[in-house]
Amino acid sequence: MSTTQTPPSPPPRLPISVLTGFLGSGKTTLLSRLIRDPAMVRTAVVINEFGEVGLDHLLVEQADENTVLMDSGCLCCTIRSDLAETLRDLYMRRMRGDIPEFDRVVIETTGLADPAPILHTLMTDPLIASRFRLDGVVTTIDSVHGMKQLDEHEESLKQAAVADRVVLTKTDIAEPAAVDALRRRLHDLNSGAVHVDAQKDQHLPVLLFDAGLYNPATKSMDVQRWLKAEAYEGGHGHDHQHDHHHSHDHCDHDHGHCHHDHGDAGHEHGHGHHHDHGHHDHDHAHCDHDHGHCTHDHGHGHHHHDVNRHNDKISSFVIRAEKPLPWDALVTFFETVAKAQGDNILRVKGLLNVEEAERPIVIHGVQHLFHPPVQLDAWPTQDHSTRIVFIVKELSRETVQDLFDSVVNTKAA
Ligand SMILES: Nc1nc2c(ncn2[C@@H]2O[C@H](COP(=O)(O)OP(=O)(O)OP(=O)(O)O)[C@@H](O)[C@H]2O)c(=O)[nH]1
């Protein structure tokens, strides 16, 4: 057989990272740092306006009025009429050779954007979905105002809830106790996200990108790193292992808090400092609550997302089943949950043990839309249970679990 008979394989889909975050939370500041970084070579960054990232002295070449090349090798382009058109256009110009080849895209969203429709576009527009894949959502959170924004703006909550990477900004000007309280709240909202500190962390491109299922470092599907079911179930130990160097001390810090809360909280309150801003009083209230809650978690080995200490409408949990499940039943479950609760489901990620399949199956959904399932080569660990992570709004774990039990009938398992 000659190799010429092999049909050409489709070009690999380019990873897209969506950068979101509330108004003024530091997206542009983060981007202007990123585009100067040599590790951003062969990255196309879609920004709202050139002016805001201060490109002038870094500019190497202007490809056209919408696109410039930086001396870091990063390509910057401004958004055209809408995101879908911008991406299609970018891809075509890359194909034609009008602009340098790029291997990755980063998209800046506007501060008030609900990320779900953006993720929707990426998944449903046929031309986009066949050429790009969502690598991950990066969300900037303002350490000074973030707590208040989470309280008052649902978009801010959603942005934090769907994040794969949470970037805490302005930690240089926020009270350490407020930053800690914010970290704990973010951990409760979405415990699988890796936390990055915009002020302290170096090597941002490495920390922020390659959050998806495919791990370019190992050239394989890294489902453990991506799914992080243990983190959503409150299993702290596992998370550390799989966060590897990316999460380093911040994530340790997060988790450490739940263990050391008593001491830390005592310390924070004992000092009675920083009542200079109104919102700090507010933070303290959160801290008090945190303190008690963590005791509860550890004392009972309880899943801490069930009771949301902030009354956030958003929560995350894992549905788990030990025995292999019939594919039909799983499909019915996903269809039913999507139909009944699609608007309340922000993200679903799952590793499935399917009766009819020899190997594990991975699914990934945003609201009522699901990516085509992917079959892995092997189970990542000895644990062959089905684990489905749900990040939801105004939807209880019981509702989803009941539906799962009634459709998939695992109660006896
Ligand atoms: N001290 C400090 N200031 C920061 C940090 N990050 C951002 N800022 C400042 O916060 C303000 C808002 O930052 P931007 O980067 O413009 O925020 P943005 O999210 O792009 O804002 P919008 O485009 O309005 O949504 C600017 O004055 C920044 O200089 C940080 O880590 N520390």
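Which residues are buried in helix 14? I opened the notebook with this point, keeping in mind that I am reading a predicted model.

**Helix 14**

I found that Leu330, Phe333, Phe334 and Val337 are the buried residues to note in helix 14. Looking down the axis of helix 14, I saw that its buried residues fall within an arc of 90°, so they line one face of the helix. I then looked up what covers these buried residues, and the cover includes strand 13 (345–352), strand 15 (369–370) and helix 15 (397–408). For the geometry of the element itself, I noted that helix 14 spans residues 327–341, 15 residues in number, and that it reaches 21 Å from its first C-alpha to its last, which is close to the 21 Å expected at 1.5 Å a residue.

**The chain as a whole**

I counted 15 helices and 17 strands in the secondary structure of the protein chain. The protein chain has 413 residues, and 45% of them count as buried. When I took the contacts with a separation of 6 or more, I found that residues 24 or more positions apart account for 75% of them.

**Two domains**

I recorded the division of the protein chain into domain 1 (11–229) and domain 2 (314–408), whose C-alpha centres lie 26 Å apart. Across the boundary, 19 residues of domain 1 are in contact with 18 residues of domain 2. On the side of domain 1 that touches domain 2, I noted that helix 4 (115–124), helix 7 (154–161) and helix 10 (223–227) each supply at least two residues, and that helix 4 gives the most, with 5 residues. By class, I sorted that side of domain 1 into 12 nonpolar, 6 polar and 1 charged residues.

**Around the ligand**

I listed 15 residues surrounding the ligand, of which the closest are Gly26, Lys27, Thr28, Thr29 and Gly111. The shell divides into 3 nonpolar, 9 polar and 3 charged residues, and helix 1 (residues 27–34) gives the most to it, with 3 residues.

I then turned to leucine 23, which I placed in the loop between strand 1 (14–21) and helix 1. Leaving aside its neighbours within four places in sequence, leucine 23 is in contact with Gly111 and Leu112, and Gly111 is among the residues closest to the ligand. I also checked leucine 23 against threonine 110, and although they are 87 residues apart in sequence, their C-alpha atoms are 7.5 Å apart in space. Leucine 23 is partly exposed, because I count 14 other C-beta atoms within 10 Å.

**Single residues in loops**

I looked for positive phi outside glycine and noted arginine 42, with a phi of about 60°, in the loop between helix 1 and strand 2 (43–47). Arginine 42 has 13 C-beta neighbours inside 10 Å and therefore counts as partly exposed. Histidine 203 also has a positive phi, near 50°, and I found it in the loop between strand 9 (194–197) and helix 9 (204–208). Is histidine 203 buried or exposed? I marked histidine 203 as exposed, because it has 12 other C-beta atoms within 10 Å, and the cut-off for exposed is 12 or fewer.

My last entry is isoleucine 173, in the loop between strand 8 (165–169) and helix 8 (176–189). Isoleucine 173 counts as exposed because it has 10 C-beta neighbours inside 10 Å. I compared its position with phenylalanine 132, and the two are 41 residues apart in sequence and 37 Å apart in space, C-alpha to C-alpha.

Terms used:
Residues are numbered from 1 along each chain as its sequence is written. This is a predicted model: local features need pLDDT of at least 70, side-chain atom pairs count only at pLDDT 80 or more; totals for chains, interfaces and linings use all residues. A residue is near a molecule or strand if its C-beta atom, placed from the backbone, lies within 6 Å of it. Helices (H or I, at least four residues) and strands (E, at least two) are DSSP runs, numbered from the N terminus. Ala, Val, Leu, Ile, Met, Phe, Trp, Tyr, Cys and Pro count as nonpolar, Asp, Glu, Lys and Arg as charged, and the others, Gly among them, as polar. A residue is buried if 20 or more other C-beta atoms lie within 10 Å of its own, exposed if 12 or fewer, and partly exposed in between; C-beta atoms are placed from the backbone. Domain bounds come from an automatic or database domain assignment. Two residues are in contact if their C-beta atoms, placed from the backbone, lie within 7 Å. The expected span of a helix is 1.5 Å times one less than its number of residues. The arc is that of the directions from the helix axis to the C-beta atoms.
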